[in-house]
Amino acid sequence: MRNLILVAFGGVFAVACGVRPEPREAAVIPQPRAFVEGGDFVRIGPEDLRTAVDTAVVSDPEGYRLTVGPDGAEVVGGGEAGVFYGLQTLEQLKDSAGWVPTGVVNDAPRFRWRGMHLDVSRHFFPKEFIKKYLDILAYHRMNVFHWHLTDGIGWRLESDRYPLLTQRAAWRRVKDPKAPWIGLELSDESRRDSADTYGGYYTKEDVREIVAYARERHITVIPEIEMPGHSEAATFAYPEYACPTAQPGSGVYCPGNDSTFVFLQQLIDEVIDLFPESPYIHIGGDEVGKEQWSACPRCQARKRAEGLKDEHELQSYFVRRMEQYINSKGKAMIGYDEILEGGLAPNATVMSWTGFEGGVRAANAGHDAVMVPLDYVYFDHYQGQNPCEPQAWGGYNGLPRVYSFDPVRPEVDSSKRHHILGGQANIWTESIRTPDHVEYMLLPRLAALSEALWTDTTAKDWERFERKLDRQLDRYAARGWRYAESGLTPFIADQHFNDSGALVVRLGAELTGYPVRYTLDGSLPTEGAALYADSIVIREPATLTAQAFRNGRPAGCVLQVPHLLNRATRAKVSYATPYNAAYTGGGDTALVDNRYAFKRGDDRAWQGFERTDMELTLDLGEEQPVAGVWIQFLQHLASTSVMLPTGLTVWTSTDGNRFTIAAERSVADDSDSEVMIRPFDLRFKAPVSARYIRIRATNRGVLPAGHPRAGSPAWIFTDEVVVY
């Protein structure tokens, strides 16, 4: 049956005067399954467009056929979603003057789950931004919005039955925003929609409005209500549902208490009412602190009554019991791969985040799975290798890494591959406080993800994607969407010393085709600066500064590498205290190799010292005038045990036996919880003649009170040592 649907889509079809364009490669993202070009151009206005749903022509409800010819354009979809996606392809094919290349596009997605997650529990984002987020997802043909509504300290969903979840358990920081979470302030108004993103929640009317907005864009909203862990807000507001032996706000529900399940089932009823079209309820299920259950008499009684051998099986009991209830309401349960522990609930879908293995196990056992491996598609990870990148969490997932993501692993039996529903990317917001920061972390990586999930593997081509992305960035700018230019930023891809002792540096960038210019005097490169070719040879002390250019203007971040070929470069280093075998930085030459660590704790250039001081001696090879020492350290209070040293001392010697103190400094505590690289410039009162330099950084030994890991061993992370 042919059902005509007239669609107005964002004013796409306005026509302007212009010269017929020269042929160029179509820049459609994600790449269509098949595009046969006609070799000509036509102008398309609203009167030239025909749309229809016709399942006889297109069988996939999200598929479409777009035909552009002298008589105009026709979009035929297998469903309304297919028409919607076909119109987006037409928009991307059209230039600013309204010209569209003729031809036929036949297209359909590879996966039916093309998702994007947003954590609003750590930091709250207002309703209007959620709508903007959905617009960005729809533009990239994402069809699932995984809305992480509750976790840890934040409960963002209004509840009629349990109002204290938003009134009492909206935890606040005390007056000092850098202070630890010690003040659980009671408030009747919760400062909803406040600029302070630690407060805030969505009313039921907000949720219904957002769900309807998503529906218009063919996006299904999947709500996540965390259980049995990550529930500090709920267990503070209603401590009777935590273990009686646990502290208030412990964050873990008590499976030994039947009232816990009543509480959660009633909450699920409210959630289902708000998300009637979602086939799933996401329960999280990850990172549960089971030691609380080991100490709880009710949990131990439950284990005995149910014949459970350990706390893993107790978690499985919890998950199965909640699944039975969710299934009874006509919904399916989905959770992270930890729900596999102790045995998977009968009908559960697994969202595999720790890697691919959980999803592989689930699929091979006949369960549906969605792949979300953190090393590929966690968008809270860094997307660039430059210190200018804003605060992020974890490792490095750049554009090529995201583009290479394939949810179907060879370990999945060929007869079970239909259980891999697709994939998604996650944005956790521990370090992301503003909508602009969310957009920066999302774009343009979402373009790479969209092609990874929509486009058949036979049609994917990284070099073509690079070329298309250049025009995609202009589209983002035209829509007022903030995006990262991290992929254009140059980084040091390789460096080594040649036979004459010169330092040879090779630059790289994720996105090629953009000119890079550089200086060696520390000044910012202009279009008149030296053009990088294949390497830079540095024969004397220098500060390398490099910048990419796009359309004649600086793009991305500036790369600056200071103090190259300083007096310490390639000096012999001996250690009085050994560095930790897990954080070698590259060995005994790590601190004098002119390689600088990035502000990620997992950067292999950092050299680590656990509980002990860092003490080392440099042999400069010959006696020479020395004016001071420069050295840098990492600190990240929020998520690591790495802290600044408490003091620094520098000695000099001419013979390696008798040392004299040349500089010393105490280091004040810095309570900033965000990651930082702190350089210290220890200039001597006057230059001295020396061959040997001894440096000690004093470790505080154990982490102080107030630190999330108070009492644990403290670490020092250091990188390059420079001698003036």
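Student: What follows α8, and what is the sign of its phi?

Tutor: In this predicted model, α8 is followed by Gly-307, whose phi is positive, near 70°.

Student: Within helix α8 itself, which residues are buried?

Tutor: To read a helix, one asks which residues are buried and on which side of the axis they lie. Helix α8 covers residues 297-306, and Cys-299, Gln-300, Arg-302 and Lys-303 are buried in it. These four span an arc of only 155° around the axis, so they sit on the same side of α8. Pro-297, Arg-304 and Ala-305, on the other side of the helix, are exposed.

Student: What covers the buried residues of α8?

Tutor: The cover includes helix α6, together with α7 (291-294) and α9 (311-328).

Student: How should I read the nonpolar core, and which residues in the largest one touch the most other members?

Tutor: In soluble globular proteins, nonpolar side chains tend to be buried together. Here the largest nonpolar core holds 173 residues, and those touching the most other members are Met-116, Ile-130, Tyr-133, Phe-145, Trp-147, Tyr-202 and Leu-449. A second core, separate from the largest, has 29 residues, among them Ala-571, Leu-620, Phe-680 and Ala-697.

Student: Which residues does Leu-449 touch, not counting those up to four places away in sequence?

Tutor: With those sequence neighbours set aside, Leu-449 touches Gly-115, Met-116, Met-142, Val-377 and Phe-379, and also Val-402, Phe-405, Gln-424 and Ala-425.

Student: Turning to charged residues, how many salt bridges does a search of the whole structure find?

Tutor: Side chains of opposite charge can pair when their charged atoms come close. The search finds 38 salt bridges in the whole structure. In one of them, the side chains of Glu-25 and Arg-467 meet at 2.8 Å, N to O. Because Glu-25 lies in the loop between β1 (3-4) and β2 (34-43) while Arg-467 lies in helix α15 (residues 462-479), this pair ties together parts that are 442 residues apart in sequence.

Student: Are Arg-114 and Glu-62 buried or exposed?

Tutor: Both Arg-114 and Glu-62 are buried, and their side chains meet in a salt bridge of 2.9 Å, N to O. That pair links distant parts of the chain, with Arg-114 in strand β7 (residues 113-119) and Glu-62 in the loop between β3 (49-53) and β4 (64-69), 52 residues apart. By contrast, Glu-25 counts as partly exposed at 33% relative accessibility, and Arg-467 is partly exposed with a relative accessible area of 45%.

Student: With which residue does Glu-277 form a salt bridge?

Tutor: Its partner is Arg-215, and the closest N and O atoms of the two are 2.4 Å apart. Glu-277 lies in the loop between α6 (258-274) and β11 (280-284), whereas Arg-215 lies in helix α4 (residues 204-216), 62 residues apart. Glu-277 is partly exposed, with a relative accessible area of 44%, and Arg-215 counts as partly exposed at 39%.

Student: Which residues are linked in a network of salt bridges?

Tutor: Lys-127, Glu-128, Lys-131, Asp-206 and Glu-209 are linked in such a network.

Student: Finally, for the open sheet of four strands, what is the order?

Tutor: To read a sheet, follow the strand order and then look at its edges. The order is β19-β18-β21-β22, with antiparallel pairing, and the edge strands β19 (530-531) and β22 (553-564) each pair on one side only. Strand β21 (residues 542-550) runs antiparallel to β22 and is joined to that strand by seven bridges, and Leu-544 stands opposite Val-561 in β22.

Terms used:
Residues numbered from 1 in each chain as written. Predicted model: local features only at pLDDT ≥ 70, side-chain atom pairs only at ≥ 80, totals over all residues. Heavy atoms only, no water. Core = buried A, V, L, I, M, F, W, Y, C linked by side-chain atoms within 4.5 Å. Buried < 20%, exposed > 50% of the residue type's maximum accessible area, 1.4 Å probe, protein only. Contact = heavy atoms within 4.5 Å. Pairing = 2+ DSSP bridges. Helix = DSSP H or I, 4+ residues; strand = E, 2+ residues; numbered from the N terminus. Salt bridge = Lys/Arg side-chain N within 4 Å of Asp/Glu carboxyl O. Arc of directions from axis to C-beta.
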